[in-house]
Structure formats: structure tokens, C-alpha cells
Amino acid sequence: MIEYQNILDSINQSVIKEQNKGTIASYIPELTNVDINDFGIHLQLVSGEQFSVGNSHQPFSIQSISKVLSLALAMSQVGTAIWERLDVEPSGNPFNHLSLLELEEGIPRNPFINSGAIVIADILVSNLKNPKADFLNYVRDITGDNSIDYNYKVAQSEKETGFNNYAAANLLKSFNNLHNDVEDVLDFYFHQCALEMTCQQLSKAFFLFANKGNCLANKARLTKSQAKRINAIMLTCGFYDEAGEFAFEVGLPGKSGVGGGIVALLPNQFVISVWSPGLNERGNSKLGMQALEQFTTLANQSIF
Ligand code: DON
């Protein structure tokens with residue numbers, strides 16, 4: 001019997017003492033409206049039990065974590081055809097770099113770097129009737145929580161400063177790998193990234209990846225094989241140029257966002273979500289990574 005609550009309490013104790021909590025992302029100005037001391041963890045076991053510590057019920061901007069949910073919806077809608085438009089290799093580059101995209105003729109390395117997520121957004125804009133409303137309903141549905149919403153100010157803030165993503169979308173368009181208007185695709189993408197969720201909601205949303213494609217309400221949302229593949233991409237690409245370090249320290253598939261959230265999971269066992277808004281140099285939550293390293297070490301639970 002693993003003493004999960006004791007483990008979360010002791011991680012909280014050790015992490016709140018840290019002097020260097022990292023740096024809050026400011027390239028999307030609206031993201032700076034958070035307190036560097038905010039910290040929360042929520043653990044959802046596949047067996048149903050839950051544990052939490054700190055601000056696990058406070059909503060924050062999930063940013064790139066949303067890329068896993070948009071990929072899941074695109075895979076369930078379109079199937080394997082999406083792999084004609086993007087690859088599944090780690091890029092070894094920061095999330096917003098464009099050099100490989102040009103060298104590799106408009107085929108993004110994977111769906112979690114920005115250019116890859118923009119291709120997925122394009123696929124959803126083509127396939128959904130009301131893209132923003134339908135995506136929000138999908139996330140509410142798999143989580144079983146209708147209170148989840150976009151933060152429209154964050155979406156607008158990114159629209160005003162998202163020059164790099166405009167460059168990515170235009171480059172994709174020049175290689176014929178963007179079928180809809182740049183504005184329409186980025187409007188969807190900026191809203192997708194501006195979803196606000198709590199650690200508890202994130203653990204519930206990601207339950208399907210730990211549960212062979214079946215969501216918390218035990219409804220099949222992905223095939224077992226699709227869930228396995230998404231977990232593989234999280235392990236190899238979920239942390240960009242820090243994917244190796246996350247596997248080395250934590251040993252779980254996971255995904256980060258510049259809002260300071262990280263979700264990680266052990267198939268058939270649990271989903272764990274952490275939030276601490278200070279980021280390290282690679283754009284991943286500094287204390288979030290430390291907390292997860294301690295968690296998998298103390299609980300002796302990882303895929304390795
Ligand atoms: O496109 C962007 O730059 C942001 N909306 C998301 C980036 C992000 O979260 C990177 N992850 N650590």
C-alpha cells in the first residue's frame with residue numbers, strides 16, 4: 001500500500017522551501033497575472049482514489065498541455081491520415097523553432113512543437129462544425145466538468161504578440177500544409193492554448209490516456225492503440241528539448257505548458273498533475289519537474 005497522501009505532503013514541504021522558483025512566462029503578457037508561489041498537485045488513480053495538496057483547485061492557463069487533447073480529438077476524428085502531414089520524431093529544439101520546418105519542407109517533427117500543433121488545429125478547423133465550441137465541449141465531456149472554459153483575455157493577448165506562431169502558420173501555408181486561413185487556424189489555436197483548468201480537472205481529462213482510451217465515465221474515446229501512441233509521443237516529445245531530461249528524472253509520459261502546468265501518467269495506474277508557474281530555461285515548470293522527480297522516486301512508480 002503506497003502512502004500517496006504522505007508523499008504529496010512531503011513533496012509540498014520540500015518544494016515550497018525552494019528559493020529559486022524559476023521565471024513566469026511573459027511573452028504572452030496576460031500570463032504574468034499569477035503568483036510565483038502558487039503550487040498544487042492532484043493525483044488521480046485509475047482505481048478511482050484521488051489525492052491532492054496545495055492549490056489543486058485553482059484554474060491556470062494550460063497552454064501547450066492542450067496540444068495532447070487536440071491531438072486526441074484529431075486522431076479520433078481523422079485516424080491515421082494525420083500522419084501524412086506531420087511526423088512523430090523528437091525535434092531536440094525549443095517548442096517555437098522554425099528552422100527544421102523549413103529544412104523538412106513544411107512537415108513538423110511532431111504534434112507538440114508549435115508548428116505541429118498548428119497543423120492539428122488546421123485539421124480540427126476543417127473537421128469540426130464549430131471548432132472552438134466543439135473542442136471545448138470535447139474537453140468538458142472527457143473531464144466530466146462543464147465549468148471548464150477558455151480565458152478570452154489570454155487568447156487575445158497571444159493573438160496580439162504571437163508573431164512567431166504567425167510565422168509558423170505562414171511557413172506551413174507556403175508548403176501547402178495549412179488548408180484553412182492563417183487567421184482562422186490561429187484563432188482556434190490561441191483559444192485552445194488559453195483553456196483554463198485546475199490540476200484536478202487536468203488529471204481527470206488525461207484519465208483516458210492512462211485507461212486505454214476510456215475516459216473517467218468509462219466511455220471509449222480513443223482506441224487502445226491510439227492511447228498507446230499518444231503516450232509514446234508524450235514520452236519522446238512532450239518536453240521539447242528537455243524530453244530526455246524529463247524521462248531521465250521522472251520516467252513517465254507527460255506534457256508541459258508555459259502556464260507552469262505538467263501532466264504525467266503511468267498507464268493503468270495513475271495520472272498526476274502539477275502546477276507551479278515559474279519555468280526553467282527550456283520553458284517547463286521548474287518546481288513541477290522537481291516535484292514529479294520526487295514523486296516517482298518516493299512512490300517507486302515509473303515506466304522504467
Ligand atoms: O504557442 C505558444 O507559444 C503557446 N500558446 C504555448 C507554448 C507552450 O506552452 C510551450 N510549452 N511548454
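**Exercise 1. Following one bridge partner after another**

Gly-261 sits opposite Trp-275 in strand E8. Starting from that pair in this predicted model, work out how strands E7 and E8 pair and which residues face each other.

*Solution.*

Step 1. Let's place the strands. E7 covers residues 261–266 and E8 covers residues 270–275, and they pair in the antiparallel sense over six bridges.

Step 2. Now walk along E7. After Gly-261 with Trp-275, we find Ile-262 with Val-274 as its bridge partner in E8, and then Val-263 with Ser-273.

Step 3. Look at the turn. E7 and E8 make a hairpin with three residues between them, and Asn-268 in that turn has a positive phi of about 70 degrees.

**Exercise 2. Building the whole sheet**

In what order do the five strands of the open sheet lie, and which strands stand at the edges?

*Solution.*

Step 1. Read the order across the sheet: E2-E1-E8-E7-E6, with antiparallel pairing.

Step 2. Check the ends. Strand E2 (50–54) and strand E6 (254–256) each have a single partner strand, so one side of each has no neighbour in the sheet.

Step 3. Add the twist: from one strand to the next, it averages 5 degrees.

Step 4. See what packs on the sheet. Helix H13 (residues 286–298) does, touching strand E1 (40–45), E7 and E8, and its direction makes about 145 degrees with that of E8.

Step 5. Go through other pairs. E1 and E8 run antiparallel and are joined by six bridges; Leu-43 stands opposite Ile-272 in E8. E6 and E7 also run antiparallel, joined by three bridges, and Ser-256 has Ile-262 in E7 as its bridge partner.

Step 6. Don't skip the hairpin of E6 and E7. Four residues lie between these strands, and Gly-260 takes a positive phi near 95 degrees.

**Exercise 3. Two faces of a strand**

Which residues of E8 lie on one side and which on the other, and are they buried or exposed? Then do E7: which of its residues point one way and which the other?

*Solution.*

Step 1. Recall the rule: in a regular strand, side chains alternate between the two faces of the sheet.

Step 2. Apply it to E8. Phe-270, Ile-272 and Val-274 are on one side, while Val-271, Ser-273 and Trp-275 are on the other, and all of them are buried.

Step 3. Draw the conclusion. With six of its six residues buried, E8 is largely enclosed by the rest of the structure.

Step 4. Repeat for E7. Gly-261, Val-263 and Leu-265 point one way, Ile-262, Ala-264 and Leu-266 point the other way, and all are buried. Six of the six residues of E7 are buried, so E7 too is largely enclosed by the rest of the structure.

**Exercise 4. Checking a helix with a ruler**

Helix H8 runs over residues 182–193. What should its span be at 1.5 Å a residue, and how far apart are its end C-alpha atoms? Which of its residues are buried?

*Solution.*

Step 1. Take the twelve residues of H8; at 1.5 Å a residue they should span 16 Å.

Step 2. Compare. The end C-alpha atoms are 16 Å apart, which agrees.

Step 3. List the buried residues of H8: Val-185, Leu-186, Phe-188, Tyr-189, Phe-190, His-191, Gln-192 and Cys-193.

Step 4. Follow Cys-193 to the ligand. Of the 13 residues around the ligand, Cys-193 is among those that come nearest, together with Gln-63, Ser-64, Gly-257 and Val-258. The residues of this shell divide into three nonpolar, nine polar and one charged.

**Exercise 5. Buried, exposed or in between?**

Sort Asn-114, Asn-176 and Lys-212 by their C-beta neighbours within 10 Å.

*Solution.*

Step 1. You need the cut-offs: 20 or more means buried, 12 or fewer means exposed, and anything between is partly exposed.

Step 2. Asn-114 has 24 such neighbours, so Asn-114 is buried. It lies in helix H4 (residues 114–127). Setting aside neighbours within four places in sequence, Asn-114 is in contact with Phe-95, Asn-96, Asn-165 and Ala-168.

Step 3. Asn-176 has 10, so Asn-176 counts as exposed. You'll find Asn-176 in the loop between helix H7 (163–174) and H8. Its phi is positive, about 60 degrees, although Asn-176 is not a glycine.

Step 4. Lys-212 has 17, so Lys-212 is partly exposed. Lys-212 lies in the loop between helix H10 (207–210) and helix H11 (224–237), with a positive phi near 55 degrees.

Conventions
Residues numbered from 1 in each chain as written. Predicted model: local features only at pLDDT ≥ 70, side-chain atom pairs only at ≥ 80, totals over all residues. Near = placed C-beta within 6 Å. Nonpolar A, V, L, I, M, F, W, Y, C, P; charged D, E, K, R; others polar. Helix = DSSP H or I, 4+ residues; strand = E, 2+ residues; numbered from the N terminus. Expected span 1.5 Å × (residues − 1). Pairing = 2+ DSSP bridges. Axes fitted to C-alpha atoms, helices over the stretch in contact; angles between N-to-C directions. Contact = placed C-beta atoms within 7 Å.
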